[in-house]
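Hi,

Here is the structure I promised to pass on. Have a look at it first, and then read my notes underneath.

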Amino acid sequence: MKRDFLTMEQVDVADITQLLKRAEFMESSISGQDKSLDILKGKSIVTLFYENSTRTRCSFELAGKYLGAQCVGITTSGSSVKKGESLIDTAITLDSMKADAIVIRHSVAGAPALIAKHVKASVINGGDGMHAHPTQALLDMYTMQKTFGTLKGLEVAIIGDVKHSRVAQSNIVGLSKMGAKVKIFAPATLRPHGIENQPCAVCRNAEEAFRGSDVIMGLRIQLERQQKGLFPSAEEYNRFYGITAERMAMCNKGAIVMHPGPANRGIEIDCDVLDSPMCLKDYQVTSGVATRMALLEWATAGR
């Protein structure tokens, strides 16, 4: 049976619950000295990345190897894409090699869904344009659930460049499905059109965003995706929207800070917060491997 993982809208609460539970087993399995499992022995995983990536690509490839699968990584700089081969033709070529799953990252929104229509392999979205990054949302939810024991009732503030963030889009959908209360805080120029119609509250000031929050999720200022002039300066942005120790003091006791990385130190988040025990950015990386192991198993089940 073919299973694709393209957006958080696509999966229901039962799927998310199953994946998060299985990820806990996967995390425990890689915490010991012997990380090898044979759950996906004989399966083949291809990572097809049209954009640069460290965390997502490496975690998927390690996840596949830990599960016993054969993993192949492809970048556009070393493939026939440089010769003009189209996205669909590349995907069909990989499918003809009998890949069981293709993990794709692409700068164009909808690219994973497009190739999913043309291949028999399971397609997993590793991030497409400004549209979605569902596996990041999954690992973020896993990190929160491991910290607080549940997602239901958590108050999560997403702060920063929401407009250009596929991470924010997927987290808003996924967290709200699981019963968390999501709110965003960003300059008007960095809020997506129609955000008022999404399952989240829009904060007017820093106090609304931080006070009463259990999780503060910072977003990278994505200079490569935005036009210049959306905010006056980095210093000005940090003054009004930066995640600082002073603002964290307004949060609920035991609140955590999360960031998908890489972080711009001193811009969206201060160094003393980023390097503090309340910041779980490094554990998010571990969560990424565990949740992607669970996802690869889920996607290839029954193939």
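Before the sheet, one term: two strands pair if DSSP finds at least two bridges between them. Also keep in mind that this is a predicted model.

With that in hand, start at strand 3 (residues 101–106) and strand 4, which run parallel and are joined by five bridges. If you want to see some of the partners on screen, go to Ile-102, whose bridge partner in strand 4 is Val-123. Val-103 has Ile-124 of strand 4 as its bridge partner. Between strands 3 and 4 you can trace helix 4 (residues 111–116); strand 3, helix 4 and strand 4 make up a right-handed β-α-β unit.

Now zoom out to the sheet. Four strands make an open sheet, ordered 2-1-3-4, with parallel pairing. Strand 2 (70–75) and strand 4 are the edge strands, each pairing on one side only. From one strand to the next, the twist averages 15°. Helix 11 packs on this sheet and touches strand 1 (44–49), strand 3 and strand 4, and its direction makes about 140° with that of strand 4.

Is strand 4, at the edge, mostly covered or not? It is mostly covered: seven of the seven residues in strand 4 (residues 122–128) are buried.

Next, the inside. In soluble globular proteins, nonpolar side chains tend to be buried together. Here the largest nonpolar core has 80 residues, and the ones that touch the most other members are Met-144, Ile-158, Phe-210 and Met-248. Helix 11 (residues 281–300) gives the largest share of this core, eight residues. Apart from that core lies another one, of 17 residues, including Leu-48, Tyr-50, Ile-102 and Val-123. You have met two of these already: Ile-102 and Val-123 are the bridge partners from above.

To get a feel for the larger core, click on Met-144. Leaving aside neighbours within four places in sequence, its contacts are Gly-149, Thr-150, Leu-151, Leu-154, Val-156, Leu-175, Val-215, Met-217 and Met-258.

One last residue, Glu-207, sits in helix 7 (residues 206–210). Why does Glu-207 count as partly exposed? Because its relative accessibility is 43%, and partly exposed covers the range between under 20% (buried) and over 50% (exposed). Glu-207 and Lys-281 are 74 residues apart along the chain, and their C-alpha atoms are separated by 23 Å.

Have fun with it!

Notes: Residues are numbered from 1 along each chain as its sequence is written. This is a predicted model: local features need pLDDT of at least 70, side-chain atom pairs count only at pLDDT 80 or more; totals for chains, interfaces and linings use all residues. Side-chain values use heavy atoms; hydrogens and water are left out. Buried means under 20% relative accessible area, exposed over 50%, partly exposed in between (1.4 Å probe, protein chains only). Helices (H or I, at least four residues) and strands (E, at least two) are DSSP runs, numbered from the N terminus. A crossover is right-handed if, with the strands pointing away from the viewer, the path from the first strand over the helix to the second runs clockwise. A nonpolar core is a set of buried Ala, Val, Leu, Ile, Met, Phe, Trp, Tyr and Cys residues joined through side-chain atoms within 4.5 Å. Contact means heavy atoms within 4.5 Å. Axes are lines fitted to C-alpha atoms, for helices over the stretch in contact, and angles run from 0 to 180 degrees between N-to-C directions.
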